[in-house]
Every structure is written in structure tokens, then in C-alpha cells.
Number of protein chains: 2
Amino acid sequence: MNKLIVDAASQSYPIYIDSGLLTQTNLYRNLVQNRGVCIITNETVAPLYGSILKETLAKSGGNLNQIEIFVLPDGEQYKTLATLETIFNHLLQNQFDRNSLLVALGGGVVGDITGFAAACYQRGVDYLQIPTTLLSQVDSSVGGKTAVNHALGKNMIGAFYQPCAVMIDLDVLNTLPDREYASGLAEVIKYGAIRDAEFFCWLEANIDALNRREQSALAYAIERSCQNKAEIVNQDETETGIRALLNYGHTFAHAFEIELQYGTWLHGEAVSAGMVYAAKLSRQLCQLAEDDVERLEDLLLKAHLPTKIDASLNRDHLLHHMALDKKNQSGSRRMILLKRLGDAVVVKDVRESEIRSVF
Amino acid sequence: MNKLIVDAASQSYPIYIDSGLLTQTNLYRNLVQNRGVCIITNETVAPLYGSILKETLAKSGGNLNQIEIFVLPDGEQYKTLATLETIFNHLLQNQFDRNSLLVALGGGVVGDITGFAAACYQRGVDYLQIPTTLLSQVDSSVGGKTAVNHALGKNMIGAFYQPCAVMIDLDVLNTLPDREYASGLAEVIKYGAIRDAEFFCWLEANIDALNRREQSALAYAIERSCQNKAEIVNQDETETGIRALLNYGHTFAHAFEIELQYGTWLHGEAVSAGMVYAAKLSRQLCQLAEDDVERLEDLLLKAHLPTKIDASLNRDHLLHHMALDKKNQSGSRRMILLKRLGDAVVVKDVRESEIRSVF
């Protein structure tokens with residue numbers, strides 16, 4: 001089993017990566033004893049892994065009477081304050097106290113909303129991340145960014161709140177649909193693009209193995225992604241500096257997601273196209289080589305990901321959405337761009353006309 | 001001007017105490033420059049102090065176009081997720097970014113909800129506390145406890161999130177209704193009861209001056225209260241230990257407030273009665289002297305505060321509400337009780353029958 005440590009300013013916690021983690025009772029022993037446990041999952045994941053996990057937690061020493069499963073509807077469109085409120089209602093109606101443990105069993109939506117519920121419930125309870133999609137395993141489950149969406153912007157309401165542990169079970173990827181799997185690869189490729197050129201080359205050489213979901217390639221790609229993410233979070237938990245680099249492609253992606261309505265594109269698909277537009281902008285503003293733009297686009301295409309938006313999408317709307325991005329400061333438009341593959345930078349005062357030109 | 005420093009684990013910040021702070025432009029200079037500012041207040045306070053503060057902030061170097069006032073309805077019944085959402089809507093519709101400053105201008109409800117909005121908006125923006133009631137000046141504006149209520153419990157959803165400064169202007173108390181003023185005195189008296197016997201004696205000697213709102217007595221009482229609170233917060237920001245002592249009387253008080261419906265009693269009135277019941281319980285469980293119970297009750301009565309609940313209030317309901325208190329851990333009922341005036345302790349495993357006997 002691989003074990004990484006996230007050593008953030010507010011809290012230090014382990015990430016475990018292996019197959020079969022959902023049934024390894026000893027992993028959970030210290031986490032569940034003497035406290036109420038509420039597993040929060042969704043209607044897709046619950047029938048696949050809900051009972052297995054509940055049984056493991058009971059065998060780990062948890063009190064079966066205090067282990068509940070709360071099932072959310074599945075989809076980004078439910079990552080809202082309204083859904084959050086249903087979680088609070090459930091926890092209060094069942095008298096979960098401040099010593100309780102929430103367990104996020106699902107993809108990024110479940111993880112983000114459960115983490116935010118944990119951050120706010122009785123001013124903060126512990127939570128455990130058990131990500132069940134590749135995207136959440138390599139990205140959202142690590143680093144403590146929690147949030148819900150608002151009609152006027154993605155992740156606009158949330159908190160930095162670290163989990164007490166992250167359990168990445170490789171086996172759960174067997175049930176992941178192809179599009180969702182590819183969506184996760186977009187974030188894996190992002191780590192190569194922004195800070196790990198060697199990993200980017202490895203991905204170019206191993207993309208076929210990853211597409212076939214070969215376990216050893218997958219374990220390596222996930223570990224290296226989490227390692228990259230942990231290194232960044234350790235340096236900058238609350239995104240006052242270098243953590244912003246993780247948003248490479250995301251300013252475009254969030255605008256695409258809002259304009260298309262959440263759910264049309266998967267998050268990783270939007271990020272994939274967003275990274276290509278950001279690379280084109282990088283060519284203009286940061287002298288990124290044309291060859292690097294093409295290598296990025298090629299790798300994303302080989303991973304079965306979209307690399308451009310439909311010509312019919314309203315450019316003015318996209319620019320408006322991008323103006324509201326959280327990375328902007330006091331009216332200045334900030335973007336994450338690439339100097340070369342493996343080397344991202346924050347660029348301030350990007351002009352609207354420059355963004356418009358890459359559309 | 002008196003200046004205290006709160007030196008909490010997550011952040012250090014000043015508390016200023018003086019008359020005329022709402023118009024001292026130099027105090028705000030570093031806080032408002034180069035950022036959007038949203039003053040959040042309520043319909044009662046806005047006409048009294050909204051324009052004055054806005055003008056001061058503009059003179060301090062803030063951009064008048066970026067200083068907005070958002071007015072909430074007045075009352076504890078509006079301290080809800082629904083009201084919080086109206087704040088988020090306003091901030092997003094007006095493109096307030098992550099660098100913005102929220103200013104809480106009002107009592108405890110405005111402070112708690114604004115602080116929680118600041119904790120969550122774009123995963124955290126700065127906020128400034130300008131408390132306009134005695135209760136919020138000596139209690140809720142200091143220490144970073146933010147929250148909204150839930151139908152099933154007070155302050156059940158919130159965060160520990162410190163302000164960047166607290167401005168306590170004594171002049172605003174001139175417009176405070178008598179009942180609200182007395183309600184604030186309940187929390188002042190609490191500091192004496194739980195950890196400052198000398199201050200308790202001073203309060204007994206000066207209660208008439210305080211009732212007359214004499215400025216020098218008031219300035220001393222507020223400063224000493226904030227000093228007590230700051231000392232506790234410095235040691236235990238997130239209430240894992242001694243901070244719980246601040247909740248003396250509050251487990252009873254919250255139950256009274258829920259059962260009476262929020263708003264029937266002011267918070268300080270509920271705390272006043274709660275402290276007396278907690279004192280009676282302390283006599284049984286911690287050998288608090290009968291004389292100390294009477295001194296506490298006398299002082300509260302002299303401050304024009306209630307010391308008991310109506311005989312018609314349903315005791316079973318009250319006990320049920322108390323069982324859901326945040327201080328309880330894994331089913332054990334914890335209470336803050338007094339060994340003597342000026343010395344509070346946490347008592348675990350208090351039995352329901354013992355609480356029932358003091359009603």
C-alpha cells in the first residue's frame with residue numbers, strides 16, 4: 001500500500017492508495033470508535049459500495065446503530081446550498097453531535113459537499129474522504145477545498161477544511177463509466193503540464209496503458225498526481241500563492257460549465273478544453289512553444305477528451321463568467337498560463353481582448 | 001482609546017474600545033483600501049449608523065463606488081441559511097471578489113451571520129466587526145464564533161473564523177433600548193461568575209452606575225469583559241477545552257430560546273435565567289454555596305434581568321433540547337457549573353434527573 005502525507009498548515013493527514021481499501025477494517029479502526037458515523041454518498045454509488053463500507057466500519061469497531069448512510073441525488077446540479085441543508089437536517093434529526101465523523105463516499109460532488117457540511121456542522125466535525133472517481137482521487141479529495149455551487153458561479157460558497165484521511169481504493173474505478181474515467185485523466189495530465197515535465201513524458205508514453213486501466217500504470221499515475229497536489233497544498237493551503245497554479249485551465253472550464261449549464265460536460269472535459277485554450281493564450285502571452293501546445297492537445301485527444309468548445313457558444317457570456325473568477329483580485333484578471341510544459345505561472349492583468357482572440 | 005489584542009491560533013487582531021470610533025477615519029484606512037467593501041447591517045441599525053459609517057469608510061480612502069450597504073431584516077428569527085443565501089446573492093450579483101471586506105454593523109445576529117458569510121464566501125474573505133449592542137460588544141463580536149440557527153438548534157451551522165478587527169464604539173449604546181442593554185449586562189456578569197471574582201465584586205458595587213450607562217463604568221466593564229474573553233480565546237480558539245466555560249448558563253438558555261421560539265426572550269435574558277438554573281445545579285453537584293447562588297441572582301435582578309422561567313414551560317421539551325447541545329460528546333451530557341463565584345468547571349455525565357430537579 002502506498003501512503004502519502006499531506007502536511008497542510010492547519011492539519012496533517014494520510015492518503016492511502018491501494019486496491020481493496022474499502023474492506024481493510026484495520027485502516028478505519030481509530031477513525032470510527034466511540035462516535036456517530038454518517039456516510040454521505042449518492043444514489044449511483046450507494047448500491048455499489050454503501051453496504052460494503054458500512055460493514056467494514058462496523059467490523060472496525062464502529063457501533064452499527066450509529067453508522068448511517070445518507071443518500072444524495074447524483075449530479076453537479078445538486079451541489080447546492082439546498083442539498084447541504086438536507087444533510088444538516090438529517091444530522092440534526094438523528095442527533096449527530098460535534099464528535100461525529102462524516103464519510104464522503106463518492107466523486108467530487110459528494111466530497112466537496114460533505115467536506116463543506118463537515119466544515120460547518122456544529123462549527124466543524126471530522127470527515128473522511130473515500131473518492132470513487134478518478135477525478136476526485138487525484139484532485140478534489142486531497143487538499144481540503146470544499147464548496148457548493150451558486151447559480152452565479154461554481155464553488156462560490158465553501159471553506160478550506162482538511163479531511164482526517166483519504167482512502168483511494170483502485171478497485172472502485174472498475175465500475176467507473178469511460179467518460180468519467182477520461183475526465184479524471186484530464187486532471188492527471190494537468191499535473192504534468194503545470195509542474196512535472198517528467199511525468200508529462202511518462203503520460204505520453206503510457207496513455208494506452210492508462211486507457212486500458214492497467215492497475216500498475218494507474219497506481220503510479222494516481223500516486224504521482226496526489227504527490228504533486230500534496231506538495232502544493234503543503235506550501236499554500238489557502239491559495240494565497242502557488243496553489244492557484246492547480247487552477248490551470250479552470251478559469252475557462254468554469255465559464256464553459258456555467259454557460260453549458262452544469263452537467264452537460266463533465267468537469268474534467270471542461271478542464272481539458274480549458275487547458276487547450278489556456279495553452280493557446282500562453283503561446284501569445286508567455287511564449288509557450290507551438291510544439292508544446294500540440295503535445296498537450298494530442299495527449300488529451302488520446303485520452304478521449306474534448307479540446308475545443310462549440311462555435312455556437314456565446315463568447316460574451318463566457319468572458320462575463322470569467323470576470324467573476326475567484327482568482328481575480330480587485331478587478332485585475334488573473335490567469336494561470338504555461339511558460340513551457342511542466343512550468344506554470346500566474347499572469348496578472350490579462351486583457352479581455354487577449355482572451356477573446358483565442359476563442 | 002483602549003486597545004486589546006486577541007491572539008488566537010489562526011489569527012491575531014485588535015479590539016478598539018472608545019467613544020466616537022464610527023467616525024475615526026484613520027482607524028479604517030488600512031482595512032478598506034483597494035478592495036470592495038460591503039457593510040451588512042439590519043433595518044434598525046441602518047438608518048442610525050449606516051450612512052455615518054459609509055462616509056467614514058469613504059473618507060478613509062475607500063472607493064465610494066465599492067462601498068455598499070446590504071440591509072437584513074432585524075431579529076434572531078432571520079439568523080438562518082435562507083438569510084445567508086440573500087447575502088451570497090447580493091455579493092455575487094455585485095461581483096464582490098475574494099479580496100473584498102465585509103463589515104458587520106449591528107448586534108449579535110448581524111455579527112454572527114456576517115462572520116459566517118465571510119467564512120464561506122469564495123472560501124473566506126476578511127470581515128470587520130462593529131458591534132452596536134452591549135451584548136455583541138462584550139461577547140459575540142470577539143472570538144470568531146460565527147453561525148446561523150437551524151430549526152432544531154441554535155448556532156448549529158457555522159465556523160470558527162476570526163475578524164480582522166473589532167471596533168467597539170461606546171456612543172452607539174445611547175440608542176440601545178433598555179431591555180437590550182440589560183441583556184448585554186447578563187454576559188458581563190457571566191465573566192465575573194466564571195473566572196473573575198474581583199470583577200464580580202466590582203459589578204456588585206457598580207451595578208447602579210452601569211444601569212445609568214455611565215460612560216466610565218461602561219468602558220471599564222466592556223474592556224474587562226473583552227479581556228476575559230480574549231484570554232480564553234487565546235488559549236482555546238476552537239473550543240476543545242476551556243472555551244466551553246464561556247457557555248455557562250447557555251445550555252439552559254438555548255433550550256429556553258428554542259422552546260419559547262427565538263425572539264420571545266432576548267439572548268441575554270435567556271442566559272440570565274440559565275445562569276441561575278446552572279447555579280442551582282452547581283449547588284447540588286459542585287457544592288456551590290447557597291450565598292453565591294443568591295449573590296448571582298441578586299445581581300441579575302438588579303440589572304433588570306429575569307431569573308426564572310414560567311411554570312407553564314414544558315420541562316420534557318427543555319430536556320430534549322438540552323440533549324442536543326453542542327457541548328455534549330458521544331451521548332454524555334456535559335454542563336458548565338460553578339464551584340464558587342469566579343470559578344467554573346466542565347462537569348460530564350450530568351443526569352437528566354439532576355437537571356429536572358432544578359426546574
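Mentor: Let's start with a rule for helix pairs: angles over 145 degrees count as roughly antiparallel. Keep in mind as we go that this is a predicted model.

Trainee: Happy to start there. How are H10(B) and H11(B) oriented to each other?

Mentor: Two packed helices are described by the angle between their axes and the distance between the axes. Here H10(B) and helix H11 (residues 290-302) of chain B pack at about 175°, and their axes are 9 Å apart. Angles over 145 degrees fall in one class, so H10(B) and H11(B) are roughly antiparallel.

Trainee: How many nonpolar, polar and charged residues are in the contact of H10(B) with H11(B)?

Mentor: From H10(B) come Ser272(B), Met275(B), Val276(B), Ala279(B), Lys280(B) and Arg283(B), and they meet Glu290(B), Val293(B), Leu296(B), Glu297(B) and Leu300(B) in H11(B). Sorted by class, the residues of this contact are six nonpolar, one polar and four charged.

Trainee: Let's look at His267(B) next. Is it buried or exposed?

Mentor: His267(B) is found in helix H10 (residues 267-286) of chain B. Leaving aside neighbours within four places in sequence, His267(B) is in contact with Leu135(B), Lys154(B), Ser183(B), Glu187(B), His250(B), His254(B) and Glu257(B). The cut-off for this class is under 20% relative accessible area; at 16%, His267(B) is buried.

Trainee: Over in chain A, why is helix H10 (residues 267-286) described as largely enclosed by the rest of the structure?

Mentor: The reasoning rests on a count along helix H10 of chain A, which has 20 residues. The helix is called largely enclosed because the number of its residues that are buried is 16.

Trainee: What is the phi of Gln287(A), and is that residue buried or exposed?

Mentor: Gln287(A) comes just after H10(A), in the loop between H10 and helix H11 (290-302) of chain A. Most residues other than glycine have a negative phi. Gln287(A) has a positive phi, near 55°, and is not a glycine. Its relative accessibility is 63%, so Gln287(A) counts as exposed.

Trainee: And Glu239(B): buried or exposed?

Mentor: Glu239(B) also has a positive phi, of about 55°, although it is not a glycine. It is found in the loop between helix H8 (215-235) and helix H9 (250-260) of chain B. With a relative accessibility of 7%, Glu239(B) counts as buried.

Trainee: Now the sheet in chain A. Which are its edge strands?

Mentor: Seven strands make an open sheet with mixed pairing, in the order E1-E2-E9-E6-E5-E3-E4 (chain A). An edge strand here pairs on one side only, and that picks out strand E1 (2-7) and strand E4 (67-72) of chain A.

Trainee: Which residue stands opposite Asp18(A)?

Mentor: Strand E2 (residues 12-18) of chain A runs parallel to strand E9 (residues 165-169) of chain A, with four bridges joining them. Opposite Asp18(A), in E9(A), stands Asp169(A).

Trainee: At what angle does helix H2 of chain A run to E3(A)?

Mentor: Helix H2 (residues 45-59) lies across strand E3 (37-42), E4, strand E5 (101-106) and strand E6 (126-131) of chain A. The angle of H2 to E3(A) is about 165°.

Trainee: One last question: in the hairpin of E10(A) and E11(A), which residue takes a positive phi near 95°?

Mentor: Strand E10 (residues 335-340) and strand E11 (residues 343-347) of chain A run antiparallel and are joined by five bridges, with Met335(A) opposite Val347(A). Two residues lie between the strands of this hairpin, and the one with that phi is Gly342(A).

Notes. Residues are numbered from 1 along each chain as its sequence is written. Chains are lettered from A and ligands numbered from 1 in the order in which they are written. This is a predicted model: local features need pLDDT of at least 70, side-chain atom pairs count only at pLDDT 80 or more; totals for chains, interfaces and linings use all residues. Side-chain values use heavy atoms; hydrogens and water are left out. Buried means under 20% relative accessible area, exposed over 50%, partly exposed in between (1.4 Å probe, protein chains only). Contact means heavy atoms within 4.5 Å. Axes are lines fitted to C-alpha atoms, for helices over the stretch in contact, and angles run from 0 to 180 degrees between N-to-C directions. Angles under 35 degrees count as roughly parallel, over 145 as roughly antiparallel, 65 to 115 as roughly perpendicular and the rest as oblique. Ala, Val, Leu, Ile, Met, Phe, Trp, Tyr, Cys and Pro count as nonpolar, Asp, Glu, Lys and Arg as charged, and the others, Gly among them, as polar. Two strands pair if DSSP finds at least two bridges between them.
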